[in-house]
Amino acid sequence: MQAARLFNRALRPVSARTFATDSSKPLAKTAMYNYHLELGGKMVPFADYHLPVQYEGLGVLQEHNHTRAANAASIFDVSHMGQIIWSGKDAVKFLEKMVVGDLQGLKAGESKLSLIMNEQGTIVDDTVITNAGDYVYMVVNGACKWKDMEHFKKYMSGFDVHMDYLETQQLLAVQGKGARNAVAALAPSLDLSKMNFMTSTIATVAGIPNCRVTRCGYTGEDGFEISVSEKETERLARALFAQPNVKPAGLGARDSLRLEAGLCLYGNDIDETINPVEAALTWTIGGPKSRRRTEQGFLGAEHFLEKGGKLKPITKKRVGIAGMKAPARGHTEIYDKEGKVKIGEVTSGGFGPTFQKPLAMGYVTTEHANEDTDVSLLVRGKMLPAKVTKMPFVPTDYFKVA
C-alpha cells in the first residue's frame with residue numbers, strides 16, 4: 001500500500017502536464033485516435049499530438065506492471081515519432097557528419113541509437129538509425145522532428161543525399177516479455193529466435209505487407225516497433241490485441257518504464273545544453289580507439305573530444321539517484337551530503353513500480369558523480385538523504401541470439 005501511495009503521489013502531475021507541445025498549433029491525431037477512445041484512452045497533448053496518458057480500467061500502475069509481467073505485452077502508439085528515409089550515394093557520409101555513431105560499420109538490417117549534434121557539440125536529438133540496405137531508415141523524437149529536419153537541411157548542400165519524411169506512416173511499439181510471441185503469431189515468415197535486439201527487417205504482419213519490424217523499444221524490455229501504413233494501423237492493432245495477454249499502455253507507463261531502464265527523455269535529460277560526455281552517452285560514439293572517437297568528423301566533436309579521441313574534462317555528469325524516502329520530480333535541487341552546497345538538479349524522477357522505491361536521474365558535479373556518493377535532495381522543503389546509483393535501476397531484457 002505504501003508503494004502504491006508513493007506511485008500515485010509521483011504521478012499527480014502526469015495527467016495534467018502538457019508534455020513537449022506548442023500550444024499555438026492545433027493538435028494532430030494519429031491513425032489510432034478513434035481506437036484509443038474506444039479502448040478508454042485518456043487523451044492528453046504530447047509533442048503536438050493527442051495521445052493517451054493511460055486507459056480506463058487499467059491506469060499507469062497496471063500498465064507498467066503488465067509490461068514487465070511474464071508472457072505479457074503492451075502496445076504503445078508512438079506514431080508521433082518522425083520516420084525518415086535517407087537515400088543517395090552520400091547518405092551515410094552526410095549522416096556521419098550529423099550524428100556521432102559509426103554508420104559505415106552498420107551491416108544491412110542492423111540498427112543503433114545515435115545522437116544528432118550541432119556545431120556547439122550539444123545534442124539536437126537522439127535517434128535510432130537502421131541500415132536498410134539501399135537506404136537508411138531513421139526514427140527521431142516526435143517533439144523534435146520538425147527542428148531536426150530543418151537542422152539537416154542546413155548542411156545537405158554539396159552531398160548527394162535525399163531526405164524523405166514519411167509523414168503518414170504510423171508506428172506501434174509492442175513491448176514486454178510476451179512481445180515475441182505476439183509478433184511471431186502475426187509474422188510467421190520471421191524467425192525471431194535469430195533476430196537480435198536492434199535489428200530490423202521488412203515483413204508481412206497480420207496479413208499487411210511491407211511492415212518494417214525493428215526489435216527495439218523504450219521500456220528496458222524485449223520488444224518491437226512496427227512501422228505500418230496509416231490505413232492499416234488499426235487493423236494491425238486489433239490483430240495484436242487479439243493475441244493472449246496483450247493490453248494497451250500510455251505515456252504515463254512509458255515514462256516510468258523508461259526511467260527504471262535508465263533511458264533519457266529528450267527535453268528532460270538531454271537537450272541542446274548537454275554534450276554526450278556530460279550525458280554519459282559516449283558509448284554511442286564508440287570506445288577510446290574507435291573510428292568515430294579518433295577520426296571524428298561530426299558537428300561539434302572538437303568541443304568535447306581531443307584530437308586523439310580522449311574525452312575533454314567536464315564539470316557535471318548524468319547519474320541515477322535512489323535511496324530517498326519520497327519521489328523527487330524534475331528540477332528538484334540536489335545538494336551535497338550535508339545539504340549545504342547545491343551540486344545539481346533532477347531531470348526526471350518518480351516512483352519505480354518494479355524498483356519498488358523512488359528513483360531519479362539528474363546532473364551533479366563530477367566530484368559527486370561516483371556510484372554510492374551520498375547526496376541530499378530538497379523535496380517539499382525538506383532535505384532527504386539519497387545516493388548516486390548505477391543505472392539501469394532494474395535489469396533490462398534485451399534479446400540477444402545465444
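**A tour from ring to ring and bridge to bridge**

Begin by selecting Phe94, which counts as buried at 0% relative accessibility, where buried stands for under 20% relative accessible area, exposed for over 50% and partly exposed for what lies in between (1.4 Å probe, protein chains only). What you have open is a predicted model, in which local features need pLDDT of at least 70 and side-chain atom pairs count only at pLDDT 80 or more, while totals for chains, interfaces and linings use all residues. Residues are numbered from 1 along each chain as its sequence is written, and side-chain values use heavy atoms, with hydrogens and water left out.

**Aromatic rings**

Keep Phe94 selected and add Trp86, which is buried too, with a relative accessible area of 0%. Rings of Phe, Tyr and Trp (its six-membered ring) are taken as a pair if their centres lie within 6.5 Å, and the pair is stacked with planes under 30 degrees apart, edge-to-face over 60 and tilted otherwise; by this rule there are nine aromatic pairs. Trp86 and Phe94 make one of them, a tilted pair, because their ring centres are 5.4 Å apart and their planes stand at 40 degrees. If you now add Phe152 and Phe159, you will have on screen one aromatic cluster formed by Trp86, Phe94, Phe152 and Phe159.

Next, select Phe197 and Tyr398, whose rings have their centres 4.4 Å apart and their planes at 25 degrees, so this pair is stacked. The two come from distant parts of the chain, 201 residues apart: Phe197 is in the loop between helix H6 (179-186) and strand E11 (200-205), and Tyr398 is in the segment after strand E20 (382-389). These helices (H or I, at least four residues) and strands (E, at least two) are DSSP runs, numbered from the N terminus. Phe197 is buried, with a relative accessible area of 15%, whereas Tyr398, with 33%, is partly exposed.

Two further rings have a charge placed over them, meaning that NZ of Lys or CZ of Arg is within 6 Å of the ring centre and within 35 degrees of the ring normal. Select Lys29 with Tyr33 to see a charged end over the ring, 4.4 Å from its centre, and then Lys316 with Tyr363, where the distance to the ring centre is 5.6 Å.

**Helix H6**

Turn to H6 and select Ala179, Ala182, Val183 and Leu186, which are buried. They lie on the same side of H6, because they cover an arc of only 90 degrees around the axis, the arc being that of the directions from the helix axis to the C-beta atoms. Around them, the buried residues of H6 pack against strand E4 (73-77), strand E10 (170-175), E11, strand E13 (223-228), helix H7 (233-241) and strand E14 (246-248).

**Ser348 and its charged partners**

Now go to Ser348, in strand E17 (residues 342-352), which is buried with a relative accessible area of 3%. Its side chain joins that of Arg258 in a polar contact of 2.8 Å, and a polar contact with the side chain of Asp269 is given as 2.8 Å; such a contact is a pair of N or O atoms within 3.5 Å, of which, within protein, one must be able to donate a hydrogen and the other to accept it, and residues adjacent in sequence count only if both atoms are side-chain atoms.

What links Asp269 with Arg258? They form a salt bridge, with the closest N and O atoms 2.8 Å apart, a salt bridge being a side-chain nitrogen of Lys or Arg within 4 Å of a carboxyl oxygen of Asp or Glu. Asp269 lies in the loop between helix H8 (251-260) and helix H9 (291-294), and Arg258 in helix H8, so the pair ties together parts that are eleven residues apart in sequence. Asp269 is buried, with a relative accessible area of 1%, and Arg258 counts as buried at 1%.

**More salt bridges**

The structure holds 20 salt bridges. Select Asp90 and Lys89, whose side chains meet in one of 3.5 Å, N to O; here Asp90 counts as buried at 11% relative accessibility, while Lys89 counts as exposed at 69%. Then select Lys387 and Asp374, which meet in a salt bridge of 2.7 Å, N to O. This pair links distant parts of the chain, 13 residues apart, with Lys387 in strand E20 and Asp374 in strand E19 (residues 374-379). Finish with Glu96, Asp102, Arg291, Arg292 and Glu295, which are joined into one network by salt bridges that share partners.

Methods. Contact means heavy atoms within 4.5 Å.
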